[in-house]
Amino acid sequence: MASVTSLAATVHQRVADALSAALPEAASADPLLRRSDRADFQANGMLALAKKLKGNPRELAAKVVGELPESEEIAQIEVSGPGFVNITVADGAIVRTLAARAADERLGVPYAEDPGTTVIDYSQPNVAKEMHVGHLRSTVIGDAVVKILEHRGEKVIRRHHIGDWGTQFGMLIQYLEEHPHELDHGGDAPGTAGESGEAAMSRLNRLYKASRVLFDSDEEFKQRARDRVVLLQSGDERTLETWRRIVGESMIYFHAVYDQLDVEVRDEDVVGESAYNDDLQQVVKELEESGVAVRSEGALCVFFDDVKGPDGKPVPLIVQKSNGGFGYAATDLAAIRDRVGRLGADTLLYVVDARQALHFKMVFETARRAGWLPEGAARQLAFGTVLGKDGKPFKTREGETVRLVDLLGEAVERATAVVREKAEQGGLDLTAEEIAERGAQVGIGAVKYADLSTSMSRDYVFDLDRMVSLNGDTSVYLQYAYARIQSILRKAGDTRPAAHPELRLEPAERALGLHLDEFAETLEAVAETYEPHKLAAYLYGLASRYTTFYDQCPVLKAGDAATVENRLFLCDLTARTLRQGMALLGIRTPERL
């Protein structure tokens, strides 16, 4: 079905046409139409235009109003203040527009007119290390952006650039070479079937920490570990065998965490640093031959005029170390070559911590200089830090980084208690299995929404008490609004939702209807700017307006049949919009709570 034109777009066009008729010389001027608390919409463009033309803004506004023909969309129009044009739309226009949205399975949301190919790099855990709270934001934000772009019709290629290569593996593999008894722990080597993924992951994490201590305290071991990295990168079979076991066991663990977080990660989308190993020499060759990179003290470096250290000396991007090894920059550059050259990406998105901004600025500029990356094609979606209630980076009481599985487990536990209590209070007969299922949906949804409702560039405080609250800007509030509507629709029995444009709407109905009409434009804006928090804000606004409607406008006891059907229609469209919007954020909407 064709997309539905919103009332805002229709009114904007009407006012723009009237402005053009009133002042042909200002035909291209924007009437600056906005939602208003004085009317449904307010056009403010006449003030700036009158100033430009050295005219009277009220007189100009009156001319524009005079050129507006009567229409079934506009009920009232008036000039106010210094030259504002206040516009009230007709009740029938609101209901007709919403009926058109309801008739479309996409709720009138159009596909992108010229969809491109986007490669999005998100959720990049490190092999042989447990996922922690720091991995939460990249995973949740990336998953939401993927869903929003795919819903719009974009071709989206997911990439999970996991840390499966480099110095840390030199440390771990060398440690295991020198402590072979560690391989016999529990009777099984890493990656064998005798271990669960999480048990193996915990053991590998302990081994990582032990190797790190040795690496930091023993210069000779540090050198052997670095030499082991070179062996790994050159394809030494014994080194690769141990590496494959570690990666395989880590993947089992990663998938367990992703399942708990209710995020789909496909094996074919996990393309770690190791995947680009064969391309690194070519990267070096092209950068050196083109003069983009130069040798400095044995290392291959790229310099930038605007990147200097505290001593005022240039700080380079090191592509290849003096010992022949490669760092993050080399694999990031190889990934760009692959994603633009082989995958045909128009846009590259990197959902990465804001603290890596300088690294990616240098990588993007290097790729541009080398001719691998078109101007403006790559963008870092930089996110802030998850903080504890003390306003500092979130840690355990012992000062350790919080494990993601522990954090999610506690969220589900808290949410399950809320679901159980609410079910008992409402006389809802839920089985223990149903309470556990809904507890998981509410708990995981609470964690995701707390993250996604915050502008990604900002830090936010991880506060489970607030996250699972039934009041305020939380996913639980939205989920209960959805479940309340489903309860009403079930109680309606054979009475079906139906739009009645002939009815006069109450103020709460109008407010809800006009907000529902903004869904498509909200999604378009969110997809353009990659800002899921704006969708979260829209959904909270929708649930809030529905709560006001529910309090002020009886549905099943409205009196006449037409009003009951029309209010059921508003309920149903609200539920469908909540469900679709929440799904795009990766959050479930239980039918009964």
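These are my notebook entries on aromatic rings, and on charges over rings, in a predicted model.

**Entry 1, ring pairs.** I looked up how many aromatic pairs the structure holds, and I found ten. Among them I picked out Tyr-546 and Phe-549, whose rings form a tilted pair, with 5.5 Å from centre to centre and 45° between the planes. I then asked where these two residues sit in the chain, and both turned out to lie in helix H19, which covers residues 532-552. Because they are three residues apart in that helix, Tyr-546 and Phe-549 are separated by about one helical turn.

**Entry 2, a second partner for Tyr-546.** I noted that Tyr-546 also forms a tilted aromatic pair with Tyr-550, at 6.3 Å centre to centre and with 35° between the planes. Tyr-550 lies in helix H19 as well, four residues from Tyr-546, and this spacing is again about one turn of the helix.

**Entry 3, burial.** Are the residues of these pairs buried or exposed? I found that Tyr-546 and Phe-549 are both buried, and for Tyr-546 I wrote down a relative accessible area of 1%, so it falls under the 20% cut-off for buried residues. Tyr-550, by contrast, is partly exposed, with a relative accessible area of 35%.

**Entry 4, a cluster.** Elsewhere I followed the ring pairs that link Tyr-350, Phe-360 and Phe-364, and I recorded these residues as a cluster.

**Entry 5, arginines over rings.** Lastly I checked which rings have an arginine over the face, and I noted Arg-35 over Phe-41, at 5.7 Å from the ring centre. I also noted Arg-106, which lies over the face of Tyr-111 at 3.7 Å from the ring centre.

Key: Residues numbered from 1 in each chain as written. Predicted model: local features only at pLDDT ≥ 70, side-chain atom pairs only at ≥ 80, totals over all residues. Heavy atoms only, no water. Phe/Tyr/Trp six-rings, centres within 6.5 Å; stacked < 30°, edge-to-face > 60°. Buried < 20%, exposed > 50% of the residue type's maximum accessible area, 1.4 Å probe, protein only. Lys NZ or Arg CZ within 6 Å of the ring centre and 35° of its normal.
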